[in-house]
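Welcome, and thanks for taking a look at this one with me. Here are some notes to read with the structure open beside them.

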Amino acid sequence: MPISGLVVTFNSPAEQHSAAIDALREIPEIEIGDASGIKLAIVVDSNSKRRDQEIWNAVQELPGVTDISVAM
């Protein structure tokens, strides 16, 4: 089971991206953490590397997302 601590970077303050954050909440494998400025911490706990990649791809396609970085 891949578990990733990630930082999602938006093109403006995270609180301005409520639709994208709501979309993240709809993905059962994602747990939302703290937001600070343009950064949002998330944890992805998927059942396979394939599913992990699908989630990464979905997050990258959300409006306003400019980058995803591995924190842990």
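1. A cut-off to begin with: a residue counts as buried under 20% relative accessible area, as exposed over 50%, and as partly exposed in between. R51 has a relative accessibility of 25%, so R51 is partly exposed. You will find R51 in helix 2. If neighbours within four places in sequence are set aside, the contacts of R51 are I27, E29 and S46. R51 and V65 are 14 residues apart in sequence, and their C-alpha atoms are 20 Å apart in space.

2. Please keep in mind that this is a predicted model. The mean pLDDT of the protein is 94, with 99% of the residues at 70 or more. Among the elements, strand 3 has the highest mean pLDDT, 97, and helix 2 the lowest, 94.

3. Now to the sheet. In what order do its four strands lie? The order is 2-3-1-4, in an open sheet with antiparallel pairing. Strand 2 and strand 4 are the edge strands, each pairing on one side only. On average, neighbouring strands of this sheet are turned by 25° against each other, direction ignored.

4. How many bridges join strand 1 to strand 3? There are seven, and the two strands run antiparallel. If you would like to trace this pairing on screen, I3 has D45 in strand 3 as its bridge partner, and V8 has L40 in strand 3.

5. Strand 3 is also joined to strand 2, by five bridges, and this pair runs antiparallel. One bridge to look for links S36 with K39 of strand 3. Strand 2 and strand 3 form a hairpin with two residues between them. In the turn, G37 has a positive phi of about 65°.

6. Strand 3 deserves a look from both sides. Its covered face consists of L40, I42 and V44, while K39, A41, V43 and D45 make up the uncovered one. Two residues named above for their bridges fall on the uncovered face, namely K39 and D45, whereas L40 belongs to the covered face.

7. Next comes helix 1, which lies across strand 1, strand 2 and strand 3 and runs at about 150° to strand 2. Which residues of helix 1 are buried? They are A20, I21 and L24. Seen down the axis of helix 1, these buried residues fall within an arc of 100°, so they line one face of the helix. A general point helps here: an α-helix has 3.6 residues a turn, so residues three or four places apart point the same way. On the other side of helix 1, A19 and R25 are exposed. The buried residues of helix 1 pack against strand 1, strand 2, strand 3 and helix 2.

8. Helix 2 covers residues 49–60, which makes 12 residues. From its first C-alpha to its last, helix 2 reaches 16 Å, close to the 16 Å expected at 1.5 Å a residue. The buried residues of helix 2 are D52, I55, W56 and V59. Viewed down the axis of helix 2, they fall within an arc of 100°, so they line one face of the helix.

9. What do the buried residues of helix 2 pack against? Their partners are strand 1 (3–10), helix 1 (18–25), strand 2 (30–36), strand 3 (39–45) and strand 4 (65–70). Helix 2 lies across strand 1, strand 2, strand 3 and strand 4, and runs at about 145° to strand 4.

10. A last residue to visit is H17, in the loop between strand 1 and helix 1. Is H17 buried or exposed? The relative accessible area of H17 is 12%, so H17 is buried. Leaving aside neighbours within four places in sequence, H17 is in contact with F10, N11, S12, P63 and G64.

Notes
Residues numbered from 1 in each chain as written. Predicted model: local features only at pLDDT ≥ 70, side-chain atom pairs only at ≥ 80, totals over all residues. Heavy atoms only, no water. Expected span 1.5 Å × (residues − 1). Buried < 20%, exposed > 50% of the residue type's maximum accessible area, 1.4 Å probe, protein only. Arc of directions from axis to C-beta. Contact = heavy atoms within 4.5 Å. Pairing = 2+ DSSP bridges. Axes fitted to C-alpha atoms, helices over the stretch in contact; angles between N-to-C directions. pLDDT = per-residue confidence, 0-100.
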